[in-house]
Amino acid sequence: MGMAAPVYYTAEMVRGLPDDGNRYETVHGELLVTPAPRALHQIVLVRLSQSLGRYLERHPAGQLLYSPADISWGRDILVQPDIFVAPWDEVRTLTWERIRHLLLVIEILSPTTARADRFTKRRLYQEVRVPTYWIVDADERLVEVWTPEADLPAVERERVEWLPEGTPEPFALSVPELLQPV
């Protein structure tokens, strides 16, 4: 008996999936399904977003946004970054379809998201030229910093920085403080 052909998912198909507590994404037709994040993920997300939010209040380089979101660069792509910064002119449209030039993307690893965040989504973010992509690994207590040209990440265990274009100073964050136990 033959195997069933795999389904090639479009963004529209993913938008039609049930609201069942899972996060559904597609990258070049591959369906990515993740359950609700663990508590540590959410604690790190709050710490990151509060720090980044304070920075963006002083240096309004873009708008801080969170998942759930519908970021798409094609009919077979739909991602929901944990945290991201988008340009003001795109955010002002108030439509996900117009938010396409992300300035910073941050994914916080969970056991169920590590492969997709490190490989599938990382390659996509490089392909669409997201200038800075952080992968936060709370278990290993590090942040991987990826750029579009990078073959390997810069691995930061002490301090991570992001310098948006046109800002006088970088956003800087202590990795040990970000990932400290509750």
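Two strands count as paired if DSSP finds at least two bridges between them. In this predicted model, an open sheet of 6 strands follows the order E3-E6-E7-E8-E9-E10, and its pairing is mixed. Strands E3 (63-66) and E10 (154-156) stand at the edges; each has a single partner strand, so one side of each is left without a neighbour in the sheet. From one strand to the next, the twist averages 20 degrees.

Within this sheet, E7 and strand E8 (residues 133-137) run parallel, joined by 4 bridges. Isoleucine 108 stands opposite valine 136 in E8. Helix H4 packs on the sheet and touches E7, E8 and strand E9 (142-146). The direction of H4 makes about 165 degrees with that of E8. Helix H2 lies across E3, strand E6 (83-86), E7 and E8. H2 runs at about 160 degrees to E7.

E1 and E2 pair in the antiparallel sense over 5 bridges. Tyrosine 24 has valine 33, in E2, as its bridge partner. The hairpin of E1 and E2 has 2 residues between the strands. There, histidine 28 takes a positive phi near 50 degrees.

The largest pocket has a volume of about 610 Å³. It is lined by 37 residues, of which Asn22, Arg23, Ser67, Pro68 and Gln80 are the closest to its centre. The lining comprises 17 nonpolar, 10 polar and 10 charged residues. Helices H1 (11-15), H2 (39-58) and H4 (114-127) each supply at least two residues of this lining. Strands E1 (23-27), E2 (30-34) and E7 (104-108) each do likewise.

Conventions: Residues are numbered from 1 along each chain as its sequence is written. This is a predicted model: local features need pLDDT of at least 70, side-chain atom pairs count only at pLDDT 80 or more; totals for chains, interfaces and linings use all residues. Side-chain values use heavy atoms; hydrogens and water are left out. On a 1 Å grid over the protein atoms alone, a cavity is a set of points where a 1.4 Å probe fits but cannot get out, and a pocket is an open set with protein on both sides within 12 Å along at least five of seven lines; lining residues have an atom within 4 Å of a point. Grid points are joined across faces, edges and corners, and a volume is the space filled by probe spheres set on the points. Ala, Val, Leu, Ile, Met, Phe, Trp, Tyr, Cys and Pro count as nonpolar, Asp, Glu, Lys and Arg as charged, and the others, Gly among them, as polar. Axes are lines fitted to C-alpha atoms, for helices over the stretch in contact, and angles run from 0 to 180 degrees between N-to-C directions. Contact means heavy atoms within 4.5 Å.
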